[in-house]
Amino acid sequence: MDDTLQNDKLARRWRLFGLVLAVLVYAYLVAPSLIVIPISFGGAGGDLSFPPKTYSLHLYEELFTTATWMQPVLQSLKIASIVCVLVTAVSVPAAYAMVRYEFPGKRLVTILMMSPVLVPVIVLALGMYLYFSRLGSTGTTVALVLGHAVYVIPFVVVTIGAGVRQLDPAIEFAATMMGASRRTLFLRVVLPQLVPSVIAGALFAFLISFDEVVIAWFLSSAQTTTLPVRMYSSIHWGVSPVIAAVSTLLTVLSFFVCLVSVALQPSASRGTARANLSMTADPQVAPT
Amino acid sequence: MTARPGREAIIYLGPALVLALLVVLAPLAFVLYTSLFANGSFSLEAYQSLWESALFRRSLATTFEISAMGAALSLLLGYPVALHLSRLNPRARAFCMILVLVPFWTSILVKSYAFTVLLGKQGIVNASLSVIFGTEIQIPMLLNRVGVMVGMTNYLIPFVVFPVLASLLAIDRSVYRAVEIMGAKPPTVFWKVTLPLSMPGVASALISTFVMSTGFFVIPALLGGRKDVMLANLVDFYTRETLDWNMAAAIGVILLAIVTLIAGTAMQIQKMRGHARGV
């Protein structure tokens, strides 16, 4: 009896120890995202202390009225929007085919399409830089859009592929039996069922492109600088306080995307496409 | 699903494949080509001068060092979180998961900025320590290895949590009941049951975080110092500062070879294990 009592005590202590460790790490994970918020509301008269002595919207005002910040913001919005539409349009049929069809060379196709997440981004970015230089189009928005599009496709294909996997093939079979053409089948039977994962995929595409820095660092020019590139140079060459305001807005955006992704993909063990891709070196599109 | 002709698949896959061929495969081929051809003629000169370059050898070593340390530290920090998540009920888990997902989706630049504010000489951490101990404390934590490790672990922990959590959730609950009935103490349960059974998740976490780290660029550039130049930073240096594309491409090829080798070996081992278990 005494023994179990002692075991209970030990168990409680052991659990408490685990909890404390976990809470500390949670705090460590969230701290950088949270710390930028109060800083962004200070900053009046160059005051960057923490916590700020006075609160103001000074930094936001500066952000929205400075061309060297607003231009990259608009540029990133533009690129991310185009990438989002382009990649979603391309990835829905691709994800459907990857899940539903078996064909010779499928493994090779999978590796090729997934390679942007397997290859270090810096190598991909260098390749694009050399490639677009040869074509005479580095620094153009088109190059940036294409570069981001191929980088984002794997994440979106995996996200939508997970949605396709949950569809009942019998419904598609029934539609075909009743004479639906391939196009009708895809547009009127498959697509409507996929709406949640398509929305999730499109959001990921937008956010990943909006936050991407390495490819943009290599491909953008002074006229086509994206927001992350602007932030990178700003941190590199002496921090401008406006970054706090930008960071806060980006954190809010990330939080929003994260909530939507949790709502649309309720299974916690599934994590997100981004994690699934990186956690298995196996390029098979099969995280269920 | 039954096999259907590949011709139909091609229609669906077409646009994505064209993009991948033109904007992934072609650029990667360009990297290989540029590393091997200088001024139109084939030569291994770039690789040779890399081999002789002290800068390259040092940053190769640094890359391995930082990657190994980053992967190990992230595992140590991420494991308790995965363990905590695995013991929650699904509702609570979804909530705590947000605490892992928010940093996961947060831009690396937001984090880098936050850490320059937190870890600087007059940063929040040093200022707080000064107040607590009542003396001026200025621990250098920025533009050195500490800064790189903080930035890397913060970025990598989610990539540890997801696979380890999946492994932990896959453990049969009845195993725990059995060992508890037999009177095993909690630490024993952890070391003899939980940890060994979560090894698949641990292994894939270690490999993927290590592989990811080898290509890191932003964190060493913004939070590291002169001694923390990794291969990716060297690629950037040769491409943009010295305009030596030949060298940059050769480093790119080497980096790609390292990553492929590690990922390929890991995949092979996984496959062999799978066969051994008859899966």
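## Exercises on a predicted two-chain model

Leu243(B) lies in the loop of chain B between helix H12 (231–241) and helix H13 (245–276), where helices (H or I, at least four residues) and strands (E, at least two) are DSSP runs numbered from the N terminus. This is a predicted model, in which local features need pLDDT of at least 70, side-chain atom pairs count only at pLDDT 80 or more, and totals for chains, interfaces and linings use all residues. Residues are numbered from 1 along each chain as its sequence is written, and chains are lettered from A and ligands numbered from 1 in the order in which they are written.

**Exercise 1.** Determine whether Leu243(B) is buried or exposed, and describe its phi.

Solution. Step one: apply the cut-offs, by which a residue is buried if 20 or more other C-beta atoms lie within 10 Å of its own, exposed if 12 or fewer, and partly exposed in between, with C-beta atoms placed from the backbone. Step two: Leu243(B) has 10 other C-beta atoms within 10 Å, so it is exposed. Step three: its phi is positive, about 55°, although Leu243(B) is not a glycine.

**Exercise 2.** Do the same for Leu143(B), starting from its place in chain B.

Solution. Step one: Leu143(B) sits in the loop between helix H6 (124–133) and helix H7 (145–169) of chain B. Step two: Leu143(B) counts as partly exposed because it has 19 C-beta neighbours inside 10 Å. Step three: the phi of Leu143(B), a residue other than glycine, is positive and near 60°.

**Exercise 3.** Locate Ala114(B) and find which residues it contacts, leaving aside its neighbours within four places in sequence.

Solution. Step one: Ala114(B) belongs to helix H5 (residues 108–119) of chain B. Step two: with 25 other C-beta atoms within 10 Å, Ala114(B) is buried. Step three: two residues are in contact if their C-beta atoms, placed from the backbone, lie within 7 Å. On that basis Ala114(B) touches Pro32(A), Ile35(A), Val36(A) and Ser247(A).

**Exercise 4.** Describe the contact between the chains, with the side of chain A broken down by class.

Solution. Step one: chain A supplies 83 residues and chain B 88 residues. Step two: helix H1 (residues 2–40) of chain A gives the most to the side of chain A that touches chain B, 18 residues. Step three: that side has 63 nonpolar, 16 polar and four charged residues. Here Ala, Val, Leu, Ile, Met, Phe, Trp, Tyr, Cys and Pro count as nonpolar, Asp, Glu, Lys and Arg as charged, and the others, Gly among them, as polar.
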